[in-house]
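User: Hi! Could you help me look at the charged side chains in this protein?
Analyst: Sure, let's open it up and go through them together.

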Amino acid sequence: MRLKDKVAIITGGSRGIGYATAERFIQEGAAVILTASTKESAENAAAKLREAYPEATVAGISPDLSDLESVRRSFRETAETYGCVDILVNNAGISESTPFTEYTEETFDRVMDLNVKGVFNATRAASECMVEKGEGVILSTSSMVSISGQPSGFAYPASKFAVNGLTVSLARELGPKGIRVNAVAPGIIETDMMKAVPKEVIDPMIARIPLKRLGKPEDVASAFAFLASEDASYITGVVLSVDGMARS
C-alpha cells in the first residue's frame, strides 16, 4: 500500500473523479477526508466509503472553498483529529459552456472562484503544516482543454490554464521546502454527466481517441495515486495528461 498512514484531503470528493480518487487512496492505505459543497453530500459519500471499506478512516467536510478562512478553519480541525495533511488533491471544480458574447461577470466569477481561488485557498491552507514538517504533496485536477482550449465557455479552460501555472510555479517555490506539486489533465471521462450525452455525440469523440474508449474516473485516480506516492518522489511541476491521446 503506497499511501499507508498518509492523511489525504480531496476536494470535490463526493462523486466522479474525486470519489474514485478517494476510493483508490483508501485502497492504498491513506486516511481520506473528502469535501463537498454541502455537509450532507460530504457525509453521505464518506458513509458510503466506510461501508465499502469498514477498516478505513474516512470523513466528510464542507468548507466554503472560495473563503480562505473557512478552508483554514476546516483543515485545522481536520489536522487536530487526523494529523497534518500529507496529500492535498484539488479536484473541486465546475465546467461551463456559455458562448463568450453571452458571458456575464457573475458567470466568470463563479467559475474562477471555485476553479482557481478554491485551488489557491485549499493549497494555502494545506501547505501551512506541510511547510512546518518539511514535506507534502499537492495535486490538482486540470483538463485537456487547458492545452487545447474549447469552442465555448472560455472561463473553464482559462481557469485550468491558471491551475497549470499555479502547479508549475509552486513546484519551483515549494520544492526546496520538501513539497511536490503536480497536476493531472483528464480527457473525456465517463462521468455521470457524460453518460447523459447521446451515443451519436459520443461515438465521434471515441473515434478521435487512439485507445478507442472514453476514460474512466479510475484512470485519473490511478494517476493521482502514482503522483501522491513515493514512486513519484522525483517528479514535480508536471501536468500529466490522462486522455488516451498520442503526442509527438
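User: Let's start with E28: does it count as buried or exposed?
Analyst: This is a predicted model, and in it E28 counts as buried, with a relative accessibility of 10%.

User: Which residue does E28 form a salt bridge with?
Analyst: The partner is R24, and the closest N and O atoms are 3.3 Å apart. R24 itself is partly exposed, at 22% relative accessible area.

User: Why would side chains pair up like that?
Analyst: Side chains with opposite charges can pair when their charged atoms come close.

User: Cool. How many salt bridges are there?
Analyst: The count comes to twelve. One of them joins D231 and R2, with the closest N and O atoms 3.1 Å apart. D231 sits in the loop between α9 and β7, while R2 is in the segment before β1, so this pair ties together parts that are 229 residues apart in sequence.

User: And is D231 buried or exposed?
Analyst: D231 counts as exposed, at 52% relative accessibility. R2 is partly exposed, at 31%.

User: Which residues do salt bridges with shared partners join into one network?
Analyst: That network is made up of E69, R72, R76, R124 and E128.

User: New topic: which residues gather in a patch of negative charge on the surface?
Analyst: They are D64, D67, E105, E106, D109 and D113.

User: Where does D64 lie?
Analyst: D64 is in the loop between β3 (58-61) and α3 (68-82). It is partly exposed, with a relative accessible area of 38%.

Definitions and conventions: Residues are numbered from 1 along each chain as its sequence is written. This is a predicted model: local features need pLDDT of at least 70, side-chain atom pairs count only at pLDDT 80 or more; totals for chains, interfaces and linings use all residues. Side-chain values use heavy atoms; hydrogens and water are left out. Patches are made of residues with over 30% relative accessible area and no salt bridge: like charges are joined within 9 Å, nonpolar side chains (Val, Leu, Ile, Met, Phe, Trp, Tyr) within 5 Å. Accessible areas come from the Shrake-Rupley method with a 1.4 Å probe; for residues, only the protein chains shown count as cover. A salt bridge is a side-chain nitrogen of Lys or Arg within 4 Å of a carboxyl oxygen of Asp or Glu. Lys and Arg count as positive and Asp and Glu as negative; His and the chain ends are not counted. The place of a charge is taken as NZ of Lys, CZ of Arg, CG of Asp or CD of Glu. Helices (H or I, at least four residues) and strands (E, at least two) are DSSP runs, numbered from the N terminus. Buried means under 20% relative accessible area, exposed over 50%, partly exposed in between (1.4 Å probe, protein chains only).
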